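Got your viewer open? Let's walk through this one together, stop by stop, with something to select at each.

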Amino acid sequence: MTPEARKNAVRWSVFALVGAVITVSLLFGGVSDFHPTAVVRKVYDEVEALPDGSPILISSDFDPGSEAELKPMMDAVLEQCWRKNLRVIVMTICSPNSPELADSIVRASADAHGKVYGTDYAVFGYLAGGSAPILALGQDWHAVYKTDRGGTPCRDLPAMKGISKLTDFPLCLEISAVSTIDYWILAGNAKYGLKLGLGVTAVMATDYYQYLATRQVVGIIGGVSGASQYESMTRQDALRKARETKEAGDLASARMPTQSAIHVTIILLVVLGNILYFAGKRKEKASP
Amino acid sequence: MLHLKRTVPLAIAFFFVVALILQYFVPHPLSEKFLGMTQKWAIIVVYVSLLLGVGSLFQSHLRKIRVQTPGWGYSLVTLSVFGLTVLAGFHSRGNSPGGPLQWTYEFAYSPMSATMFSLLGFFIASAAFRAFRARSVEATLLLATAVVIMLAQVPLGAAIPGVGSLSAWILGVPLTAAKRALMFGVALGSIATALRIIFGIERSYLGGTE
């Protein structure tokens, strides 16, 4: 076997192993129970501390590529918002592909809780320009967003009552898969003092821990594991039902067994790779 | 012509950068009004640049199709799908539910995008197996840290005594310290670049070879 063929064989063996582990764990995984860490709990506590009926801003900055990680997170947060009768305002600065997804997630969740569009929640469209629209919203919301995504004038939406600028929101949750978080921290928090909570993909979470110590960010929900932890606080009924009926739907906690299995597989692969590497080196040294 | 190409853009850049820096420290209504105006301009410029992007996309792919460079078929697919999506958008008048645009989004864009992203898992596993080696003390430390963080991310690992608290310490102390140092470095670099732009030393944004 040529070195190139051996390399390909190894690569395809790893792909096959990963595929098999994912398939088996999806079929037989069940629903995990993941207790919340302090960093995730802080976001929950901030939302919980809002008076009933308060407005909350959610910047939904992700597209279908990150839906698997961030949709369960958004669902878990929305569950808490509906329970507290918060007025949920959703916007996006990520990409023109984001509002469609945000709209469908919020509408599905709101319909399931009997919430009414315009009164209990509203969805606004995409704003380009990075930090510029955030700075502009901080001065005058209505000058930037004259209408919601469907064309209803902003002032005709009861959900927008009392909101004329960004700082009228006591809390903003940035649920993101891209670097729009930096804009929210620099423009929203540093310039206007907007209170920020983050929901990010697992790979991005470590990029924002330094903002916890400076209190520029109240907490971080990271990836599927963060979403699963949030679910354990806000979606107990759904989790109980999923365990009983074995139908998990979109719950992050149902994805955790797969994540556990694949993390352990990768760790074992790294260990095996190192064993083979050191065995090869020893063999090399031993040969004259 | 040289004035229009070089001196005028440099003067505009100098004026607006200095004015916006000063504005940050002047909480006067006039200063806030100026900020609001420039933000609107910035948003308009970004939307115009999106149009430029579309123009550039067409120019580049049409050239490939005309010359029939290798893989020109992909360019044809790109432009056809672009055209169809735009037509679907006009037909749906933006975002009417159940229309062809929503169908395209739900049944074409969404699954394709998710598939592309999910392939990452396979490549990461393969790369970790082939490249993550304890070749030195630093590499061993990196490897051990990665294992602890990965374990702490899942209930199975978090159940191991000490893993959760060790992971929290790694994220809260060494990671935060290293990220801060990096950010200070990047910030100083950004200030230096900004100063070069303000004083006209850095001119690459004007295009050309200067």
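What follows is a tour of chain B, then the long helix in it, then the cores and salt bridges. Keep in mind throughout that this is a predicted model.

**Stop 1: chain B as a whole**

Hide everything but chain B and colour it by secondary structure. You'll find eight helices and zero strands, so to speak a plain run of α-α-α-α-α-α-α-α along the sequence. Turn it around: the C-alpha atoms fill a box of roughly 70 × 50 × 40 Å along the principal axes. A compact globule of 210 residues would have a radius of gyration near 17 Å, whereas chain B comes out at 26 Å.

Now colour by accessibility. Of the 210 residues in chain B, 22% are buried. Switch on a surface and you are looking at about 14500 Å² of exposed area, 76% of it supplied by carbon and sulfur atoms. As for long-range contacts, take the ones between residues at least 6 apart in sequence: 25% of these join residues at least 24 apart.

**Stop 2: helix H2 of chain B**

Select residues 29-67 of chain B. This is helix H2, with 39 residues, and from first C-alpha to last it reaches 57 Å, close to the 57 Å expected at 1.5 Å a residue.

Which residues of this helix are buried? Show side chains for B:Ser31, B:Phe34, B:Leu35, B:Gly36, B:Thr38, B:Gln39, B:Ile43, B:His61 and B:Ile65. Bring chain A back to see what covers them: the cover includes helices H5 (131-139) and H7 (180-192) of chain A, along with helices H1 (2-24) and H3 (72-91) of chain B.

While you're on H2, click B:Lys40, which sits in this helix. Is B:Lys40 buried or partly exposed? Its relative accessibility is 47%, so B:Lys40 counts as partly exposed. For a sense of scale, draw a C-alpha to C-alpha distance from B:Lys40 to B:Gly172: they are 39 Å apart in space and 132 residues apart in sequence. Then go to the residue just after the helix, B:Gln68, where phi turns positive, at about 55°.

**Stop 3: the nonpolar cores**

In soluble globular proteins, nonpolar side chains tend to be buried together. To see this here, select A:Ile89, A:Met91, A:Phe124, A:Trp141, A:Trp184 and A:Ile220, the residues with the most contacts inside the largest nonpolar core, which has 42 residues. Helix H7 of chain A gives the most to this core, with five residues.

Zoom in on A:Trp184. Beyond its neighbours within four places in sequence, its contacts include A:Leu57, A:Met91, A:Ile93, A:Ile134, A:Leu166 and A:Leu196. Polar and charged company turns up as well, among them A:Ser59, A:Asp61, A:Glu174 and A:Asn189.

There is also a second, separate core of 41 residues; select A:Val40, A:Met73, A:Ala177 and B:Tyr105, which are among its members.

**Stop 4: helix H3 of chain A**

Next, select residues 67-83 of chain A, which make up helix H3. The helix has 17 residues and reaches 23 Å from first C-alpha to last, close to the 24 Å expected. How many of its residues are buried? The count is 13 of 17, so to the eye H3 of chain A is mostly covered. Just after the helix, look for A:Asn85, with a positive phi of about 55°.

**Stop 5: salt bridges**

Over all chains there are 14 salt bridges. Try these:

- A:Glu46 and A:Lys195, with their closest N and O atoms 3.1 Å apart. The partners are 149 residues apart, A:Glu46 in helix H2 of chain A and A:Lys195 in the loop between H7 and strand S5.
- A:Arg83 and A:Glu48, at 2.9 Å, N to O. A:Arg83 lies in H3 and A:Glu48 in H2 of chain A, so this pair ties together parts 35 residues apart in sequence.
- A:Asp103 and A:Arg149, at 2.7 Å, N to O. Here helix H4 of chain A is tied to the loop between H6 and strand S4, 46 residues away in sequence.

Are A:Asp103 and A:Arg149 buried or exposed? Both are buried. By contrast, A:Arg83 is partly exposed at 46%, and A:Glu48 is partly exposed at 28%.

Finish by selecting A:Lys71, A:Asp75, A:Asp250 and A:Arg255, which are linked in a network of salt bridges.

How values were computed. Residues numbered from 1 in each chain as written. Chains lettered and ligands numbered in written order. Predicted model: local features only at pLDDT ≥ 70, side-chain atom pairs only at ≥ 80, totals over all residues. Heavy atoms only, no water. Helix = DSSP H or I, 4+ residues; strand = E, 2+ residues; numbered from the N terminus. Expected span 1.5 Å × (residues − 1). Buried < 20%, exposed > 50% of the residue type's maximum accessible area, 1.4 Å probe, protein only. Contact = heavy atoms within 4.5 Å. Salt bridge = Lys/Arg side-chain N within 4 Å of Asp/Glu carboxyl O. Rg over C-alpha atoms; globule rule 2.2 N^0.38 Å. Areas by Shrake-Rupley, 256 points an atom, 1.4 Å probe, with all protein chains shown as cover. Core = buried A, V, L, I, M, F, W, Y, C linked by side-chain atoms within 4.5 Å.
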